[in-house]
Amino acid sequence: MSNRHPAECWLTDMDGVLVHEEHALPGAAEFLERLVERDRRFLVLTNNSIYTPRDLSARLARAGLTVPEEFIWTSALATAAFLADQVPGGSAYVIGEAGMTTALHEVGYILTDTDPDYVVLGETRTYSFEAITQAIRLVHSGARFIATNPDVTGPSPEGPLPATGSVAALITKATGAEPYFVGKPNPMMFRSAMNRIEAHSESTIMVGDRMDTDIVAGIEAGLDTILVLTGSTTREAVSRFPFRPGRILDSIADAIDLI
């Protein structure tokens with residue numbers, strides 16, 4: 001058990017912690033209200049790079065949760081922040097949707113298919129063979145390969161869909177180039193989030209539902225961690241991992257009194 005509470009700052013995953021299939025999970029609204037009440041700095045994190053923070057804020061509002069767009073941090077924003085730091089004012093060829101392209105535009109990047117500094121692979125609902133072919137050729141020509149997150153599948157009502165990690169593997173197989181993944185489980189995403197809200201690792205808590213992304217990245221970033229059991233990881237599965245969260249709670253409702 002961690003003894004670092006009360007924390008000044010909170011990072012929390014979105015799906016499996018606050019919402020499930022467009023419905024707010026028990027305690028999510030009260031948890032967010034308590035953060036605001038106590039004047040805690042916080043961000044809601046997601047590996048989904050399809051949507052802009054404004055889109056995601058509207059999605060949460062439909063579920064009855066109030067999260068202004070400035071309190072949302074996506075893998076697209078983390079990727080854009082990373083690239084802006086590495087090559088300010090650079091250029092990229094992007095496979096992705098508005099969440100990714102908007103984030104890159106906002107940091108001053110040019111989107112081009114002519115000699116870009118980077119090929120950036122994000123989530124999209126319609127992967128194009130033509131676009132993937134172009135990405136392969138650009139990586140062959142020297143563009144550096146970046147991907148928002150390593151998730152190999154995503155959910156849909158009909159079943160799993162191929163996601164960023166699967167398409168990245170295709171490009172890697174064709175080029176021999178491994179991408180640098182910016183999103184979870186890379187602790188880089190948490191560090192960029194903490195920079196956004198001027199947080200320090202010793203006084204920040206990460207709440208997540210997945211041991212293999214949220215919790216391991218939180219530990220590697222030096223954060224206190226809470227695993228909630230409303231998403232992907234069951235209590236029985238925790239013992240299979242070589243690391244442990246600071247706390248295991250049944251749901252986000254049980255974290256309200258820790259704020």
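## Notebook: from S192 outwards

I began at S192, which touches W73 and A78 once residues up to four places away in sequence are left out. A reminder to myself: this is a predicted model.

**Entry 1, S192.** I looked up where this serine sits, and found S192 in helix α7. Is S192 buried or exposed? Its relative accessible area is 13%, and the cut-off for buried is under 20%, so S192 counts as buried. I also checked the distance to F71: S192 and F71 are 121 residues apart in sequence, and their C-alpha atoms are 13 Å apart in space.

**Entry 2, the largest core.** Helix α7 came up again when I turned to the nonpolar cores. The largest nonpolar core has 32 residues, and L11 and F190 have the most contacts inside it. I listed the elements that give two or more residues to this core: the strands are β1 (9-13), β4 (41-46), β6 (91-95) and β8 (118-121), and the helices are α3 (75-86), α4 (98-106) and α7 (188-197). Which element gives the most to this core? I found that α3 does, with 6 residues. As background, nonpolar side chains in soluble globular proteins tend to be buried together.

**Entry 3, L11 and a second core.** I then asked which residues L11 is in contact with, leaving aside neighbours within four places in sequence. The contacts of L11 are L43, L45, F190, A193, M194, I197, T204, I205, M206, V207 and L223. There is also a second core, separate from the other, with 27 residues; M14, V44, I252 and A255 are among them.

**Entry 4, the whole protein.** I counted 8 helices and 15 strands in the secondary structure. The radius of gyration is 18 Å, close to the 18 Å given by the globule rule for 259 residues, so the protein is as compact as a globular protein of that length. Along the principal axes, the C-alpha trace spans about 55 × 35 × 35 Å. Of the 259 residues, 53% count as buried. I looked at contacts with a sequence separation of 6 or more as well: residues 24 or more positions apart account for 67% of them.

**Entry 5, surface and charge.** The accessible surface comes to about 12000 Å², and 51% of it belongs to carbon and sulfur atoms. I tallied 20 positive and 34 negative side chains, with the centres of the two sets 4 Å apart.

**Entry 6, backbone oddities.** Before going through the backbone I noted the usual picture: most residues other than glycine have a negative phi, and most peptide bonds are trans. Where is there a cis peptide bond? I found one joining K184 and P185, with omega about 15°. P185 lies in the loop between β12 (180-181) and α7.

Next I looked up positive phi values outside glycine. E21 has a phi near 50°, and its place is the loop between β2 (19-20) and β3 (23-24). With a relative accessible area of 60%, E21 is exposed. E198 has a phi near 55°, again positive in a residue other than glycine. Which loop holds E198? E198 is in the loop between α7 and β13 (204-208). E198 counts as exposed because its relative accessibility is 65%, and the cut-off for exposed is over 50%.

Notes: Residues are numbered from 1 along each chain as its sequence is written. This is a predicted model: local features need pLDDT of at least 70, side-chain atom pairs count only at pLDDT 80 or more; totals for chains, interfaces and linings use all residues. Side-chain values use heavy atoms; hydrogens and water are left out. A nonpolar core is a set of buried Ala, Val, Leu, Ile, Met, Phe, Trp, Tyr and Cys residues joined through side-chain atoms within 4.5 Å. Buried means under 20% relative accessible area, exposed over 50%, partly exposed in between (1.4 Å probe, protein chains only). Helices (H or I, at least four residues) and strands (E, at least two) are DSSP runs, numbered from the N terminus. Contact means heavy atoms within 4.5 Å. The radius of gyration is taken over C-alpha atoms; the globule rule is 2.2 Å times the number of residues to the power 0.38. Accessible areas come from the Shrake-Rupley method with a 1.4 Å probe; for residues, only the protein chains shown count as cover. Lys and Arg count as positive and Asp and Glu as negative; His and the chain ends are not counted. The place of a charge is taken as NZ of Lys, CZ of Arg, CG of Asp or CD of Glu.
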